[in-house]
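Grab a pencil and work through these exercises one at a time. Try each task before you read its solution.

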Amino acid sequence: MADKKEGTGGRRRGPSGSQRTRPLYAAVDLGTNNCRLLVAEPRGQSFRVVDSYSQIARLGEGLHDSGRLSDAAVERAMGALHIIRNKLKQHGVGRVRCIATEACRKATNGADFIRRVQSETGLTFKVIGAKEEARLATIGCYDLIESDTKSVLVVDVGGGSTELSLVDARSIKAGGLAGILRDAPIMDWTSLKVGVVTLSEAFDLNDEVAVWPAMLERARAEVRTWPTLERVAQRLAEDDGYLIGTSGTVTCLAGVHLKLDRYRRDKVDGSWLSRADGAATMTLLRELGVSGRAKLPTIGEERAPLMLAGCAIMEAVWEVFDTHKLRVADRGLREGVLLSMMHGSRPQRRRRPKKRKTQVGVGDVG
């Protein structure tokens, strides 16, 4: 699904390098399941996408049992990162920020892998914590927060973990983009130790019908580990807020609900799912099974096996916030990184000699 999403031309491309006058920025997100790139140029308080790329590399495959990144997973990720490196060179990107998340946080050989990436591609990754991951995802969803909303819950379902963030929407609208970049008003948050990869690998998926109740209960148990869950649910209810879902799981749900014959970001991003529509779509996906889901044009073969776990996580979260609708975000961490780079405060840097070429991904990577 990720490859379909990035490869269908749903995001507008900018002019060619010879015609471009604005500097280019790039964000690279190396997650437990996906390896993603977004290249953009500043446009007012936002940006215009020049190029994007996403590959399901399954870096965290087998990590739950072994505690290490497997050789096969590392090679898949390296292949995707070499493609990204070539795209950055092709576009002549000036500033790049590369971030790695849960898989590299947990793996005992995560640091060795990061060093190999730098050595072979010149891309320097920073392994960020779960709280920073939640902050960047919230920034990325800035445009999807309604002006009359008091609070929203950002749900970021990843491959290795799921971040939930209760956000003060009024503060965001009062402070604007500069305010959220300076201090994202996250009132409460948690990082659940389940993602679509880790939850899938915890069960034998040969019989999805039999395994579904146990998988759902595992996801429910993780949601209940949030110490302030009851207080967060009460606050969202009092504020008549809504959920913002940012993940491949959520965009897949939207694509299926909308009955799209191909993935279209312009239809999915910013769309709404009621609780009833979301539940009906998740039931349909369970009933179809892996082979049936793989035939859906907005899911495909690579994403299909992971959708059962994605549905379990979303169902477990949505049960708690049962009366709230969900806004679908085909945006998140990468967009948050780009906005931070383009419009956030920049540290003072020492002057460098003129005409010195900086290797992409080394000098300007945070």
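**Exercise 1. Charges over rings**

Which residue lies over the face of Tyr-142, and at what distance from the ring centre?

*Solution.* Start with the rule: a charge sits over a ring if NZ of Lys or CZ of Arg is within 6 Å of the ring centre and within 35 degrees of the ring normal. Lys-173 is the one over Tyr-142, 5.0 Å from the centre of the ring. Now look at Trp-272: its face has Lys-325 over it, at 4.3 Å from the ring centre.

A word on what you're looking at: this is a predicted model, where local features need pLDDT of at least 70 and side-chain atom pairs count only at pLDDT 80 or more, while totals for chains, interfaces and linings use all residues. Residues are numbered from 1 along each chain as its sequence is written, and side-chain values use heavy atoms, with hydrogens and water left out.

**Exercise 2. The chain as a whole**

Find out how many helices and strands the chain has, and what share of its residues is buried.

*Solution.* Step one is the secondary structure, where helices (H or I, at least four residues) and strands (E, at least two) are DSSP runs numbered from the N terminus. You should get 16 helices and 11 strands.

Step two is burial: buried means under 20% relative accessible area, exposed over 50%, and partly exposed in between, using a 1.4 Å probe and protein chains only. Of the 366 residues in the chain, 58% are buried.

Step three is contacts, meaning heavy atoms within 4.5 Å. Take the contacts between residues at least 6 apart in sequence: 75% of them join residues at least 24 apart.

**Exercise 3. Cysteines**

How many disulfides does the structure hold?

*Solution.* A disulfide is a pair of cysteine sulfur atoms within 2.5 Å. The count here is 0. Try Cys-311 as a test case: the closest cysteine sulfur belongs to Cys-252 and is 9.1 Å away, so that's too far for a bond. Next, check burial. Cys-311 has a relative accessibility of 1%, so it counts as buried. Cys-141 is buried too, at 1% relative accessibility.

**Exercise 4. An aromatic pair**

Which two residues form an aromatic pair, and how are their planes arranged?

*Solution.* To describe a pair of aromatic rings, you give the distance of the centres and the angle of the planes. Rings of Phe, Tyr and Trp (its six-membered ring) pair if their centres lie within 6.5 Å; planes under 30 degrees apart are stacked, over 60 edge-to-face, and the rest tilted. By this rule you find 1 aromatic pair. Tyr-242 and Trp-272 make it up, 4.9 Å centre to centre with 65° between the planes, which is edge-to-face.

Now place the two rings on the chain. Tyr-242 is in strand E9 (residues 242-246) and Trp-272 in strand E10 (residues 272-273), so to speak distant parts of the chain, 30 residues apart. Finally, compare their exposure: Tyr-242 is buried at 4% relative accessible area, whereas Trp-272 is partly exposed at 32%.

**Exercise 5. Following salt bridges**

Trace the salt bridges that involve Glu-217, and then see where Arg-220 takes you.

*Solution.* Side chains of opposite charge can pair when their charged atoms come close. The cut-off for a salt bridge is a side-chain nitrogen of Lys or Arg within 4 Å of a carboxyl oxygen of Asp or Glu. The structure has 26 of them.

1. Glu-217 bridges to Arg-220 at 3.6 Å, N to O. Both are in helix H9 (residues 208-223), 3 residues apart, or about one turn of the helix.
2. Glu-217 also bridges to Arg-224, at 2.7 Å. Arg-224 is in the loop between H9 and helix H10 (229-238), and is exposed, with 52% relative accessible area.
3. Arg-220 also pairs with Glu-319, at 2.7 Å. That bridge links distant parts of the chain, with Glu-319 in helix H15 (residues 307-320) and Arg-220 in H9, 99 residues apart.
4. Check exposure: Arg-220 (25%) is partly exposed, as are Glu-217 (33%) and Glu-319 (29%).

For a last look, find the salt-bridge network that links Asp-143, Arg-265, Asp-269, Asp-330 and Arg-331.
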